[in-house]
Amino acid sequence: MSASPISIRVNDAQHTISCDPKTPLLYILRNDLALNGPKFGCGLGECGACAVLIDGRAVRSCVVPVTAVKNRSVTTLEGLGNSTSPHPVQQAFIDENAAQCGYCLNGMIMTVVSLALHQPDAGEAEIKNALAHNLCRCGTHKEILAAAKRALFLTNSAALPGSLDSARESGFEPSNVKTDRGERNA
Ligand code: FES
Ligand code: FES
């Protein structure tokens, strides 16, 4: 199919791209807009590495044609924060050392941001369920779960937008978060 101009909104900026309308959003983000937060993992919607927010919901950008995001708002990892001013969820992952190679983290973080936006009172079972289909080949699951719990705690507390200090001041412990049985341990 021939290329045609498509206008998309990414990280609060409007872009006009000339491409095949079936081009996966991930390719446009990485190759045309140089936004390399979203990663290419499987290209099949299976691993979660390519997740972005579309209108505030985590979506796998490798299986979304770019035309599907016309008139919608796309947020990538770069739209959350940066190394000097990280988003509270990014800060939670830093605080919990929740990375080895880091390849999966884009998808983990975007999924937790989506959860924090739509289900801020999620407990351990809901967090595990939300992350169940985000794959980590390094086995960092324990730290990622702790980071997600910290992020949800910050979202639920006056500590948001938070830092490690504000989380500590708020008495954060991973066990503060609801367990699978639904109670809080704090
Ligand atoms: S690269 Fe998109 S889900 Fe794996
Ligand atoms: S930290 Fe390497 S894939 Fe998750």
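Among contacts between residues at least 6 apart in sequence, 58% join residues at least 24 apart. Keep that in mind as you turn the protein in the viewer. The model is predicted.

**Whole chain**

Colour by secondary structure. You should find 6 helices and 5 strands. Followed along the sequence, they come in the pattern β-β-α-β-β-β-α-α-α-α-α. Now colour by burial. Of the 186 residues in the protein, 39% are buried.

**The sheet**

Select the strands. The 5 strands make an open sheet, ordered β2-β1-β5-β3-β4, and the pairing is mixed. At the edges are β2 and β4, each of which pairs on one side only. Look along the sheet to see the twist, which averages 45° from one strand to the next. Strands of a sheet pair through backbone hydrogen bonds, either parallel or antiparallel.

**The first hairpin**

Zoom in on β1, residues 4-10, and β2, residues 13-19. Strands β1 and β2 pair in the antiparallel sense, over 7 bridges. To check the register, pick Ser7; opposite this residue, in β2, stands Thr16. Next, go to the turn. The hairpin has 2 residues between its strands, and Asn11 takes a positive phi near 50° there.

How many of the 7 residues of β2 are buried? The count is 0, so to speak a bare strand: β2 is hardly covered.

**Further into the sheet**

Move to β3, residues 51-54, and β5, residues 73-75. The pairing of β3 with β5 is antiparallel, over 2 bridges. Select Leu53 and look across to β5, where its bridge partner is Thr75. Then bring in α3, residues 105-118. Helix α3 lies across β3 and β4 and runs at about 30° to β3.

**Two loop residues with positive phi**

Select Ala34, in the loop between α1 and β3. Its phi is near 55°, a positive value in a residue other than glycine. Is Ala34 buried or exposed? Ala34 has 8 other C-beta atoms within 10 Å, so it counts as exposed.

Jump to Asn71, in the loop between β4 and β5. Asn71 is not a glycine either, and its phi is positive, near 65°. With 9 other C-beta atoms within 10 Å, Asn71 is exposed too.

**The core**

Finish inside. In soluble globular proteins, nonpolar side chains tend to be buried together. The largest nonpolar core here has 45 residues. Show Val89, Ile109, Met110, Val112, Ala147, Ala148 and Ala151, which touch the most other members. Several elements give two or more residues to this core, among them β1, β3 and β4 from the sheet. Helices on that list include α1 (25-32), α2 (88-95), α4 (124-131) and α5 (141-156).

Where does the core lie with respect to domain 1 and domain 2? Colour domain 1 (4-78) and domain 2 (88-176) separately. Both domains give residues to the core, so it lies between them.

For a last stop, centre on Ile109. Leaving out residues up to four places away in sequence, Ile109 touches Leu77, Val89, Gln90 and Phe93. Display these four side chains together with Ile109. Val89 is also one of the core residues that touch the most other members.

How values were computed: Residues are numbered from 1 along each chain as its sequence is written. Chains are lettered from A and ligands numbered from 1 in the order in which they are written. This is a predicted model: local features need pLDDT of at least 70, side-chain atom pairs count only at pLDDT 80 or more; totals for chains, interfaces and linings use all residues. A residue is buried if 20 or more other C-beta atoms lie within 10 Å of its own, exposed if 12 or fewer, and partly exposed in between; C-beta atoms are placed from the backbone. Helices (H or I, at least four residues) and strands (E, at least two) are DSSP runs, numbered from the N terminus. Two strands pair if DSSP finds at least two bridges between them. A nonpolar core is a set of buried Ala, Val, Leu, Ile, Met, Phe, Trp, Tyr and Cys residues joined through C-beta atoms within 7 Å. Domain bounds come from an automatic or database domain assignment. Two residues are in contact if their C-beta atoms, placed from the backbone, lie within 7 Å. Axes are lines fitted to C-alpha atoms, for helices over the stretch in contact, and angles run from 0 to 180 degrees between N-to-C directions.
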